[in-house]
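This report concerns strand pairing, backbone geometry and surface charge in one protein model. The sequence and the coordinates are shown first.

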Amino acid sequence: MSRANLVVQLSEGEWAHTVSTQFPDAEFELLALEPGETECHQLVRVDATDPDRPVEFMREVDGFRAFSVVQRGEGATVVRFRSETPLVVFCLRRASIPFEPPLACRDGRASLQATAPDDAISKLTDYFREYGLRFEVESLRQELDVETLLTPRQRDLVLTAVEEGYYDTPRDCTLTELAEATDVAKSTASETLHRAEGSIIRQFVGDALADADTE
């Protein structure tokens with residue numbers, strides 16, 4: 001499983017490109033959407049010094065249907081409307097990657113996170129290219145997958161160790177007490193923890209080295 005942070009150049013003609021380039025100092029965050037075939041209801045936070053200006057622009061420009069203001073606040077307004085499904089979200093769906101809000105749009109560019117298997121991330125970038133979306137991968141790192149990294153026995157022991165305070169400073173739980181709490185021999189607890197900690201450290205060091213290689 002990987003987590004990618006991407007910046008995508010929005011397609012001209014999309015509402016996010018139109019509005020964010022018209023008001024380059026404002027930020028438009030897509031907070032949620034209700035999927036549809038070609039259109040969807042979208043919930044967007046408009047963050048600007050004077051949010052009324054971009055909000056009124058959105059109310060009057062073509063492409064926004066069933067437009068309404070949901071919440072007003074100092075420097076930010078939340079609006080709801082129906083419009084074409086953003087191309088970035090459409091690509092996420094095609095790659096079977098869940099949408100992780102917010103999708104932050106500013107001056108024609110969108111910043112997003114995608115968490116998925118490596119092949120799905122690869123498909124996503126392929127779809128971006130297919131639809132002519134220019135993009136940059138700001139970071140790409142492996143997520144710690146505890147389910148596959150540790151055995152069930154190791155995972156249960158590590159979770160219990162954390163809950164009991166074994167890793168607190170100073171410790172609230174000794175190895176003997178941890179062994180008693182999990183009903184295993186002290187030597188078994190020690191060996192199981194050692195193996196689990198080794199797996200976690202090796203994964204962490206591998207990610208750190210991979211990040212250093214990309215800098």
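The sections below treat the paired strands, the loops with unusual backbone angles and a charged surface patch. The model is a predicted one.

**Strand pairing**

Strand S5, which spans residues 76-84, takes part in two antiparallel pairings: with strand S3 (residues 39-47) over 9 bridges, and with strand S4 (residues 65-73) over 6 bridges. On the S3 side, Cys 40 has Ser 83 of S5 as its bridge partner. On the S4 side, Gly 73 stands opposite Ala 76 of S5.

Strand S7, which covers residues 109-116, likewise pairs with two strands in the antiparallel sense. Strand S1 (residues 2-9) is joined to S7 over 8 bridges, and strand S6 (residues 103-106) over 3 bridges. Gln 9 lies opposite Arg 109 in the pairing of S1 with S7, while Cys 105 faces Ala 110 of S7 across the other pairing.

The table collects the antiparallel pairings.

| Strands | Bridges | Residues opposite each other |
|---|---|---|
| S3 (39-47) and S5 (76-84) | 9 bridges | Cys 40 and Ser 83 |
| S4 (65-73) and S5 (76-84) | 6 bridges | Gly 73 and Ala 76 |
| S1 (2-9) and S7 (109-116) | 8 bridges | Gln 9 and Arg 109 |
| S6 (103-106) and S7 (109-116) | 3 bridges | Cys 105 and Ala 110 |

As background to these pairings, side chains in a regular strand alternate between the two faces of the sheet.

**Hairpin turns and positive phi angles**

Which residue has a positive phi in the turn between S4 and S5? Gly 75 does, at about 85°, in a hairpin with 2 residues between its strands. The hairpin of S6 and S7 also has 2 residues between the strands, and there Asp 107 adopts a positive phi near 50°. Asp 107 is not a glycine, yet its phi is positive. This residue belongs to the loop between S6 and S7. Asp 107 is classed as partly exposed because its relative accessibility is 41%.

Asp 183 is another non-glycine residue with a positive phi, here of about 60°. The loop that holds Asp 183 runs between helix H7 and helix H8 (186-214). Is Asp 183 buried or exposed? With a relative accessible area of 73%, Asp 183 is exposed, since the threshold for that class is over 50%.

**Cis peptide bonds**

Where do cis peptide bonds precede proline? One links Pro 101 to Pro 102, with omega near 0°. Pro 102 is located in the loop between helix H3 (87-94) and S6. A further cis bond leads from Thr 169 to Pro 170, with omega near -5°. Pro 170 sits in the loop between H6 and H7.

**A patch of negative charge**

Helices H6 and H7 also bear on the surface charge. A negative patch on the surface gathers Glu 163, Glu 164, Glu 177 and Glu 180. Helix H6 (152-164) and helix H7 (175-182) each contribute at least two residues to the patch. Glu 180 forms part of helix H7, and its relative accessible area is 61%. Glu 180 therefore counts as exposed, and its area also satisfies the requirement of over 30% for patch residues.

Key: Residues numbered from 1 in each chain as written. Predicted model: local features only at pLDDT ≥ 70, side-chain atom pairs only at ≥ 80, totals over all residues. Heavy atoms only, no water. Patch = residues over 30% accessible without salt bridge, like charges linked within 9 Å, V, L, I, M, F, W, Y side chains within 5 Å. Areas by Shrake-Rupley, 256 points an atom, 1.4 Å probe, with all protein chains shown as cover. Salt bridge = Lys/Arg side-chain N within 4 Å of Asp/Glu carboxyl O. Lys, Arg positive; Asp, Glu negative; His and termini not counted. Charge placed at Lys NZ, Arg CZ, Asp CG, Glu CD. Helix = DSSP H or I, 4+ residues; strand = E, 2+ residues; numbered from the N terminus. Buried < 20%, exposed > 50% of the residue type's maximum accessible area, 1.4 Å probe, protein only. Pairing = 2+ DSSP bridges.
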